[in-house]
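Biologist: Please take a close look at one part of this model for me, and then place that part within the whole chain. I would like the cut-offs behind each term as you go.

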Amino acid sequence: MPTIVVDVMPKSELLDPQGKAVSGAFARLGVEGFTDVRIGKRFELTVEGEVTDELLAEAKRVADEVLSNSVIEDVVGVEVVEVVE
């Protein structure tokens with residue numbers, strides 16, 4: 001079955017306390033090579049049948065209006081993937 005994946009991230013100008021916590025943990029654990037960590041959300045919308053242009057447009061609308069808070073988040077990706085089970 002096809003799945004529409006929506007990725008949402010905090011706006012770049014806002015602080016990301018979860019990302020800061022993970023970045024601090026990396027430093028304590030001796031993990032090197034990463035300068036910043038940002039944590040977002042991933043939504044998987046399962047589709048029965050074919051993903052049409054209209055359905056993809058609806059997923060983008062829902063991503064903007066329901067799955068994200070436009071004041072503090074950006075929708076950074078909406079794509080169709082085939083989930084292999």
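Modeller: Glu44 is a suitable place to begin, and with a relative accessibility of 47% Glu44 counts as partly exposed, because that class lies between buried, under 20% relative accessible area, and exposed, over 50% (1.4 Å probe, protein chains only). The model is a predicted one, in which local features need pLDDT of at least 70 and side-chain atom pairs count only at pLDDT 80 or more, while totals for chains, interfaces and linings use all residues. Residues are numbered from 1 along each chain as its sequence is written, and side-chain values use heavy atoms, with hydrogens and water left out.

Glu44 belongs to strand 2, which covers residues 41–46; strands here are DSSP runs of E with at least two residues, helices are runs of H or I with at least four, and both are numbered from the N terminus. Leaving out residues up to four places away in sequence, Glu44 touches Thr3, Ile4 and Val5, where contact means heavy atoms within 4.5 Å. The side chain of Glu44 also makes a polar contact of 2.9 Å with the side chain of Arg42. Such a contact is a pair of N or O atoms within 3.5 Å, and within protein one must be able to donate a hydrogen and the other to accept it, with residues adjacent in sequence counted only if both atoms are side-chain atoms. Val81 is 37 residues from Glu44 in sequence, and their C-alpha atoms are 9.4 Å apart.

Val6, by contrast, is buried at 0% relative accessibility, and Val6 is part of strand 1, residues 2–10. Beyond its neighbours within four places in sequence, Val6 is in contact with Lys41, Arg42, Phe43 and Leu45, with Ala63 and Leu67, and with Val75, Gly77 and Val78. For Val6 and Leu45, a separation of 39 residues in sequence goes with a C-alpha to C-alpha distance of 7.9 Å.

Glu73 lies in strand 3, and at 14% relative accessibility Glu73 counts as buried. The side chain of Glu73 is joined to that of Lys41 by a polar contact of 3.1 Å. Apart from residues up to four places away in sequence, Glu73 touches Val8, Met9, Pro10, Lys11, Lys41, Leu67 and Ser68.

That list leads on to Ser68, which sits in the loop between helix 2 (53–67) and strand 3 (73–82). Ser68 is buried as well, with a relative accessible area of 11%, and its side chain reaches the backbone oxygen of Asp64 at 3.4 Å. Outside the residues up to four places away in sequence, the contacts of Ser68 are Val8, Ala63, Glu73 and Val75.

For the chain as a whole, the secondary structure comes to 2 helices and 3 strands, in the order β-α-β-α-β from the N terminus. Buried residues account for 21% of the 85 residues. Of the contacts with a separation of 6 or more, 78% are between residues 24 or more positions apart. The C-alpha atoms fill a box of roughly 45 × 35 × 15 Å along the principal axes.
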